Amino acid sequence: MADTTPYEPPKIWKWDPDSGQAFANINRPTAGAQHEKPLQVGKHPLQLYSLGTPNGVKVTILLEELLARGHTGAEYDAWLVNIGDGSQFGSGFVSANPNSKIPALMDHSTAQPTRVFESGAILLYLAEKFGEFVPTDPSERAECLSWLFWQMGATPLLGGGFGHFYAYAPVKIQYAIDRYAMEAKRQLDLLDKNLAERQYICGDEYTIADMAIYPWYGGVVRNLVYNAAEFLQVHEYTHLIRWVEEVGKRPAVQRGTMVNRPFGDKSRQLLERHDASDFELRTQDILDPDPA
Ligand SMILES: N[C@@H](CCC(=O)N[C@@H](CS)C(=O)NCC(=O)O)C(=O)O
């Protein structure tokens, strides 16, 4: 348990691997590979290395949406990266993403394989590659990219700020929780007000901005992350709830949120995805059934 007495920072910060911080086993103050491990490569041009967290499922939702629109070139292999055991620090993964965080994409359809990291960059790369889910009209495109970049900048305050101090920190610090609960509610109110006037985040069209924002803010509204729905009084955000329900019903969203998911209901866990039939044939309730 961390010390709760007032903290006077030393002149020079030093890393304490036994600090008792949440995620202390994987976090460290350096970047780069920590062990040798090549990446696995499957049969499709697109190789995704990920985990079914909100950042991971943004990409699998888009890939499933592209396939639903008939883009067979969006077929992909999705490999599970277990960030709890440090797989993000393997040499192969680090060559795909030097930042050591899921998701990472390798596109083998280019002359030399193209690496893409940061979920927002992956969404934009794929949307541009297939000419879908990102508007071409300059004003509409600017609106879409504004909300996409908003999500990438805003959500660390929701997750790394509010979620960390409310749900994960070993001590509850009122100053930190107050600060980030205020910001979390401000963000929820912003989305609610935007969605009071529009069907989707950027207007009438469903875009990569919806796919980026849904996994995080849908998770909060549905109480799937941080167990804070009551604390944040999420029922107040009725327009946001309407949109979450609408997006959540899309078949591609249902499929995308199953990929690389090693937790929750076994019938919704597809640990690796290599073929469209895997959703019917290779979920964990089938591969690893509970004893009768
Ligand atoms: N800004 C990055 C954030 C990615 C991220 O934070 N991924 C987390 C899981 S959701 C991760 O891989 N954490 C492992 C670690 O920090 O070591 C993105 O959107 O791609």
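**A quick tour: one sheet, two helices**

Helix H1, residues 54-68, lies across three strands: S1, S2 and S3 (104-107). Against S1, the helix runs at about 150°. Keep in mind that this is a predicted model. Below is a look at the sheet under discussion, and then at another helix, H6.

**The sheet**

- Four strands make up an open sheet, and reading across it you get the order S2-S1-S3-S4. The pairing here is mixed.
- The edges belong to S2 (76-80) and S4 (114-117); each has a single partner strand, so one side of each is left without a neighbour in the sheet.
- Go from a strand to its neighbour in this sheet and you'll find a turn of 20° on average, if you ignore direction.

**S1 and S2 side by side**

- S1 covers residues 46-50 and pairs with S2 in the parallel sense, with five bridges between them.
- For a spot to look up in this pair, try Ser 50: standing opposite is Leu 80 in S2.

**Helix H6**

- H6 takes in residues 208-221, which makes 14 residues.
- From first C-alpha to last, H6 reaches 20 Å, close to the 20 Å expected at 1.5 Å a residue.
- Still, H6 does bend, by about 45° at Tyr 214. A proline, Pro 215, follows within four residues of that point.
- H6 is mostly covered, with 14 of its 14 residues buried.
- Just past the end of H6 comes Asn 223, with a positive phi of about 60°.

Methods. Residues numbered from 1 in each chain as written. Predicted model: local features only at pLDDT ≥ 70, side-chain atom pairs only at ≥ 80, totals over all residues. Pairing = 2+ DSSP bridges. Helix = DSSP H or I, 4+ residues; strand = E, 2+ residues; numbered from the N terminus. Axes fitted to C-alpha atoms, helices over the stretch in contact; angles between N-to-C directions. Contact = placed C-beta atoms within 7 Å. Expected span 1.5 Å × (residues − 1). Bend = angle between axes of the 7 residues up to and from the residue. Buried ≥ 20, exposed ≤ 12 C-beta atoms within 10 Å, placed from the backbone.
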